[in-house]
Amino acid sequence: MAVSIKDVKKGTKVVLRNGWMADVLDNLTNRQTRMRKVYGDFEEMGSVYTSDIVEAYVGGNWEFVQHAPATLK
């Protein structure tokens with residue numbers, strides 16, 4: 001089952017395209033970038049394109065994220 005990128009809210013844990021984990025820090029669902037705290041080589045905070053989000057932890061399960069065609073350009 002897939003979840004829409006608009007259902008990814010503040011506090012949701014996500015997996016990015018590069019394999020790193022991140023936490024969502026905003027509720028701005030109508031933008032192409034979202035504020036994240038990324039856990040990689042270093043812990044850092046910054047903007048990430050929504051198209052780089054591939055999975056989200058929603059309802060106790062990891063779900064694939066479905067993107068609108070306009071956000072994949």
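Q: What makes Val-3 and Trp-62 count as contacts of Ala-56?
A: In this predicted model, Ala-56 touches Val-3, Val-8, Thr-12, Lys-13, Val-14, Asn-61, Trp-62, Glu-63 and Val-65, leaving aside its neighbours within four places in sequence. Each of these counts as a contact because it has heavy atoms within 4.5 Å of Ala-56.

Q: Why are Ala-56, Val-3 and Val-14 said to belong to a nonpolar core?
A: A core of this kind takes buried residues of nonpolar types, joined through side-chain atoms within 4.5 Å. The largest such set here has 12 residues: Val-3, Ile-5, Val-8, Val-14, Leu-16, Ala-22, Val-24, Val-38, Val-48, Ile-53, Ala-56 and Val-65. Strands E2 (13–16), E3 (21–24) and E6 (53–58) each give two or more residues to this core.

Q: How do you know that E2 and E3 pair?
A: Pairing takes at least two bridges. E2 and E3 have 3 bridges, in the antiparallel sense, so they qualify. Along this pairing, Val-14 stands opposite Ala-22, and Val-15 has Met-21 as its bridge partner.

Q: What do we find at Gly-19, in the loop between E2 and E3?
A: The hairpin of E2 and E3 has 4 residues between the strands, and Gly-19 takes a positive phi near 95° there. Its C-alpha atom is 8.8 Å from that of Gly-40, although 21 residues separate the two along the chain.

Q: Why is Gly-19 called partly exposed?
A: Its relative accessibility is 47%. Buried would need a value under 20% and exposed one over 50%, so Gly-19 falls in between.

Q: What makes E4 a partner of both E3 and E5?
A: The rule asks for at least two bridges. E3 and E4 (residues 33–39) share 4 bridges, while E4 and E5 share 7, so both pairs pass. Both pairings are antiparallel. Ala-22 faces Val-38 in E4, and Met-35 faces Ser-47 in E5. A hairpin of 3 residues joins E4 to E5.

Q: Why are E1 and E5 called edge strands?
A: The open sheet has 7 strands in the order E1-E7-E6-E2-E3-E4-E5, with mixed pairing. E1 (2–4) and E5 (43–49) each pair on one side only, and that makes them the edges.

Q: What makes Asp-23 and Lys-13 a salt bridge?
A: Their side chains come to 3.2 Å, N to O. The cut-off is 4 Å, so the pair counts. The pair links distant parts of the chain, with Asp-23 in E3 and Lys-13 in E2, 10 residues apart. Asp-23 is buried because its relative accessible area, 14%, is under 20%, whereas Lys-13, at 39%, is partly exposed.

Q: Why does Arg-36 have no salt bridge, while Arg-34 forms one?
A: The cut-off of 4 Å decides this. Arg-36, in strand E4, is buried, and the nearest side chain of opposite charge, Asp-26, is 4.5 Å away, so no salt bridge is counted. Arg-34 has its closest N and O atoms 2.7 Å apart from Asp-26, so this pair passes. Arg-34 is buried at 1%, as is Asp-26 at 11%.

Q: How do you know that Lys-37 and Glu-43 meet in a salt bridge?
A: Their N to O distance is 3.6 Å, which is within the 4 Å allowed. Glu-43 is exposed because its 54% is over 50%, and Lys-37 is partly exposed at 28%. By this rule the count comes to 4 salt bridges.

Note on methods: Residues numbered from 1 in each chain as written. Predicted model: local features only at pLDDT ≥ 70, side-chain atom pairs only at ≥ 80, totals over all residues. Heavy atoms only, no water. Buried < 20%, exposed > 50% of the residue type's maximum accessible area, 1.4 Å probe, protein only. Lys, Arg positive; Asp, Glu negative; His and termini not counted.
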